Amino acid sequence: ITNIKLAPATDPEIVIRQLTASQFSSVSVANAAQRYRDGSMVRLANLQFEVITSGELPIGAANHLAIRMKVIDGDNAYTVNMYLNYHVGQAKRQAMYDIFSQATLGSDTFVTYEGIMGWNFGPQLLPLEVDDFILQD
């Protein structure tokens with residue numbers, strides 16, 4: 001493979017879209033082509049962990065996890081799907097889980113996600129690094 005350009009984090013071509021809870025809930029296949037692309041960088045605050053929908057604990061070397069999170073906006077909660085691919089690595093997936101699982105649904109703890117949003121039957125978060133998650137104070 002040749003001619004690959006890696007953009008540094010300060011590259012002005014990289015746009016991180018700040019999404020509110022209601023904006024994320026309205027992202028659909030219909031408006032994705034005009035506003036979002038598979039692989040868009042997004043920032044989404046006020047997330048809480050709800051349940052693992054596919055995969056299991058403990059995190060093994062070759063298992064993936066599909067996770068349902070909720071983004072909280074006042075009295076409203078919107079579903080946010082997330083996928084932890086086994087290619088990310090066992091230690092990273094475990095470290096990610098250790099962070100976002102502290103923000104359980106209904107608690108006073110929240111997490112912010114800043115990373116890739118992909119598409120698989122709708123939008124989903126696709127974390128690659130532990131730093132994609134920040135516990136909110």
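**A walk from T104 through the strands**

Let us begin at a single threonine: apart from neighbours within four places in sequence, T104 is in contact with Q48 and F49. Please keep in mind as we go that this is a predicted model. T104 sits in the loop that runs between α3 (90-100) and β5 (111-119). Its partner Q48 is 56 residues away in sequence, yet the two C-alpha atoms are 5.3 Å apart in space. Is T104 buried, exposed or something in between? With a relative accessibility of 35%, T104 counts as partly exposed.

F49, the other contact of T104, takes us into the strands. F49 stands opposite M69 in β3. The strands concerned, β2 and β3, run antiparallel to each other and pair over six bridges. β2 also pairs with β5: these two strands are antiparallel as well, and six bridges join them. Here you can look for M41, which stands opposite I116 in β5. In addition, β2 pairs with strand β1 (residues 16-19), this time in the parallel sense and over four bridges. For a landmark in that pairing, find R17, whose bridge partner in β2 is V42.

Now for the charged side chains on these strands. In general, side chains of opposite charge can pair when their charged atoms come close. How many salt bridges does a search of the whole structure find? The search finds four. One of them joins the side chains of E114 and R43, with N and O 3.1 Å apart. E114 belongs to strand β5 and R43 to strand β2 (residues 40-54), so this pair ties together parts of the chain that are 71 residues apart in sequence. Both ends of the bridge are within partial reach of the surface: E114 is partly exposed, with a relative accessible area of 32%, and R43 is partly exposed too, at 28%.

Moving to the pairing of β2 with β3, we meet E50. The side chain of R68 forms a salt bridge with that of E50, at 3.0 Å from N to O. Because R68 lies in strand β3 (residues 65-73) and E50 in strand β2, the pair ties together parts that are 18 residues apart in sequence. K70 forms a salt bridge with E50 as well, and there the closest N and O atoms are 3.9 Å apart. K70 is likewise in strand β3, so its bridge to E50 in strand β2 ties together parts that are 20 residues apart in sequence. E50, R68 and K70 are thus linked in a network of salt bridges. What are the relative accessible areas of these residues? E50 is partly exposed at 30%, and R68 is partly exposed at 29%. K70, in contrast, is buried, with a relative accessible area of 16%.

Between β2 and β3 comes a loop, and N63 has its place there. This asparagine is buried, with a relative accessible area of 18%. What does the side chain of N63 reach at 3.0 Å? It reaches the backbone oxygen of E56. A polar atom of the N63 side chain also lies 2.6 Å from the backbone nitrogen of G60. Leaving aside neighbours within four places in sequence, N63 is in contact with E56, P58, Y86 and R93.

One of those contacts, R93, leads us to the helix α3, where R93, M96, Y97, I99 and F100 are buried. These residues cover an arc of only 160° around the axis, which puts them on the same side of α3. And what do the buried residues of α3 pack against? They pack against β2, β3, β4 (76-84), β5 and β7 (133-135).

That brings our route back to where it started. The loop that follows on between α3 and β5 is the one that holds T104, and T104 is in contact with Q48 and F49. Strand β2 has come up along the way as a partner of β1, of β5 and of β3, and as one of the elements that the buried residues of α3 pack against.

How values were computed:
Residues are numbered from 1 along each chain as its sequence is written. This is a predicted model: local features need pLDDT of at least 70, side-chain atom pairs count only at pLDDT 80 or more; totals for chains, interfaces and linings use all residues. Side-chain values use heavy atoms; hydrogens and water are left out. Buried means under 20% relative accessible area, exposed over 50%, partly exposed in between (1.4 Å probe, protein chains only). Contact means heavy atoms within 4.5 Å. Two strands pair if DSSP finds at least two bridges between them. A polar contact is a pair of N or O atoms within 3.5 Å; within protein, one must be able to donate a hydrogen and the other to accept it, and residues adjacent in sequence count only if both atoms are side-chain atoms. The arc is that of the directions from the helix axis to the C-beta atoms.
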